[in-house]
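Please open the structure in the viewer and set the side chains to be displayed on selection. The tour proceeds stop by stop, with a selection to make at each.

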Amino acid sequence: MSDSLFPIYNRLTVIDQSRFPGLTAHYHTFGCKLNFAETSTVARTLAEKGIMRVQRGDVPDFVIINTCSVTELADKKCRQAIRKFARQWPEAKIVVTGCYAQLRPDRVASLPGVAIVAGTDRKGEIDCLIEEYLEQSAVTPLSEKNIAVTPTKDIRIFTPSCSQGDRTRCFLKVQDGCDYFCSYCTIPYARGRSRSGTIAEMVTQAGQAAANGAREIVITGVNIGDFGRRNNETFLDLICALDDVEGIDRYRISSIEPNLLTDEIIEFVASSHRFMPHFHVPLQCGDDEVLKLMRRHYDTALFRHRMEKIVQLIPDAFIGVDLIVGARGESAERYENSRRFVESLPISRLHVFPYSERPGTRALEIEGNVDPAERHRRALEMIALSERKLEEFAGRYDGTVRNVLFEHTRRRSSTPGGGDTMTGHTDNYLQVEVPYNAALANTIQPVRLTLSQSPALSSDGLITGRIILEQ
């Protein structure tokens with residue numbers, strides 16, 4: 001710990017040991033929307049105790065890193081970030097939490113600068129862990145790292161989170177953990193068994209988000225369709241209740257398993273004015289034999305039914321689909337089956353992931369490992385298919401007018417001489433760029449979409465828009 005921390009903390013021991021005025025923290029998050037929601041909650045909790053976000057150009061007292069471990073590459077990026085921050089701010093104390101911290105706590109603790117390792121269920125205790133660290137180090141320099149990791153089998157607590165860093169859109173965590181144990185996945189080992197909050201708790205959080213100015217809420221979790229199973233509640237019950245919360249204009253359902261995305265849920269979204277025409281559904285492979293090897297809970301027939309049900313009831317819906325290529329057992333023939341199946345689906349975009357070997361998973365027992373170069377080739381082919389799908393979907397709306405919720409973010413236009421621009425999303429999740437106007441932030445405006453330029457979409461998927469002025 002830097003010497004500058006000791007006088008601050010010693011004064012606190014006399015005044016109030018639960019608060020740390022004058023200390024700062026930098027936050028870095030990897031991975032899913034759920035992680036971002038949880039980081040926001042950690043930052044809010046620490047701010048209430050006096051640890052504020054560090055200002056640009058200043059040196060933080062703590063660096064909080066929320067990690068991901070979905071692939072081997074994700075692990076590597078986490079290690080690289082820890083080393084980078086240790087070099088950049090050698091006096092700062094690094095707190096590492098999240099899935100990588102849960103799965104490899106000793107490995108994380110051995111990295112330079114790391115003072116505290118907090119498992120996935122201990123994110124809500126980071127303020128207490130920092131307080132304990134400061135208290136101990138004020139008495140004697142610490143030689144041991146503080147590792148607070150609950151064995152995964154013992155994780156039972158659900159910690160609610162709702163990100164509000166950008167008050168336009170919030171990510172509401174409604175569920176955590178997973179009971180599925182797909183053969184390629186480490187998530188159940190990192191986050192524990194499925195658990196969730198109650199509908200009453202989620203409605204309260206949504207109401208608070210609305211009171212803080214949020215216009216849109218994204219419902220997130222590890223396996224959100226499993227919401228409420230241990231409380232005799234259902235995900236359908238949840239979204240029906242959230243639909244009645246005043247002040248929220250838009251809801252989006254983040255990734256939901258196809259076997260849990262029931263016809264009733266699709267029908268409800270089709271009839272709701274607040275739930276947007278937007279679905280994100282993991283397929284992972286379009287070949288039934290590979291789906292069995294993956295230990296997925298559906299087949300391609302059920303998946304096709306869900307996609308066709310969506311477009312039948314909600315023709316404008318944006319449908320994003322997760323896909324893993326090059327998994328063990330995905331022979332050339334099975335890959336071609338998957339490619340043809342995906343090409344035939346009425347979807348809008350793919351999120352493509354080359355298969356990554358994960359220690360401790362059942363997938364390592366499957367024969368038929370795919371060469372990494374071939375995994376890469378298949379990924380590029382599917383990404384090209386995704387780009388075609390997105391251009392086809394977006395092309396349907398060239399010249400049409402759709403409502404766009406503009407965000408607070410601001411960026412420099414990529415077009416020569418274009419000046420400052422801002423972005424927002426249509427109801428069906430097309431990202432739109434218009435000239436920057438601060439008055440538009442956090443408002444919903446009718447916008448005419450333009451895709452006449454070539455290529456139709458910019459390299460980062462933006463569509464040009466023109467605000468329709470009120471008559």
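Select V114 together with I82, I94, V96, V108, A109 and K145, which V114 touches when residues up to four places away in sequence are left aside. The model on display is a predicted one. V114 belongs to strand 5, which covers residues 114–118. With a relative accessible area of 3%, V114 is buried. Add A86 to the selection: its C-alpha atom is separated by 8.1 Å from that of V114, although the two residues are 28 apart along the chain.

Proceed next to the aromatic rings. The whole structure contains nine aromatic pairs. For one of them, select F85 and W89: the ring centres are 5.7 Å apart and the planes lie at 10°, so this pair is stacked. F85 is buried at a relative accessible area of 3%, and W89 is buried at 13%. Then select F318, F393, Y397 and Y429, which ring pairs link into a cluster.

A ring may also have a charge as its partner. Select F158 and K173: the charged end of K173 sits over the ring of F158, at 5.3 Å from its centre.

The following stops concern salt bridges, of which the structure has 37. Select D179 and R193, whose closest N and O atoms are 2.8 Å apart in a salt bridge. D179 lies in the loop between strand 9 (175–176) and helix 7 (187–191), and R193 in the loop between helix 7 and strand 10 (195–196), so the pair ties together parts 14 residues apart in sequence.

Keep D179 selected and add R229; their side chains meet in a salt bridge of 2.5 Å, N to O. This pair links distant parts of the chain, 50 residues apart, with R229 in the loop between strand 11 (216–220) and helix 9 (235–242). Which of these residues are buried, and which are partly exposed? D179 counts as buried because its relative accessibility is 18%, under the 20% limit. R193, at 40%, counts as partly exposed, and R229 is partly exposed at 45%.

Now select R304 and E308, which form a salt bridge of 4.0 Å, N to O. Both lie in helix 12 (residues 300–313), four residues apart, or about one turn of the helix. R304 is partly exposed with a relative accessible area of 26%, as is E308 with 40%.

For the final stop, select E38, K123, K173, D176, R191 and R195, which are joined into one network by salt bridges that share partners.

Note on methods. Residues are numbered from 1 along each chain as its sequence is written. This is a predicted model: local features need pLDDT of at least 70, side-chain atom pairs count only at pLDDT 80 or more; totals for chains, interfaces and linings use all residues. Side-chain values use heavy atoms; hydrogens and water are left out. Helices (H or I, at least four residues) and strands (E, at least two) are DSSP runs, numbered from the N terminus. Buried means under 20% relative accessible area, exposed over 50%, partly exposed in between (1.4 Å probe, protein chains only). Contact means heavy atoms within 4.5 Å. Rings of Phe, Tyr and Trp (its six-membered ring) pair if their centres lie within 6.5 Å; planes under 30 degrees apart count as stacked, over 60 as edge-to-face and the rest as tilted. A charge sits over a ring if NZ of Lys or CZ of Arg is within 6 Å of the ring centre and within 35 degrees of the ring normal.
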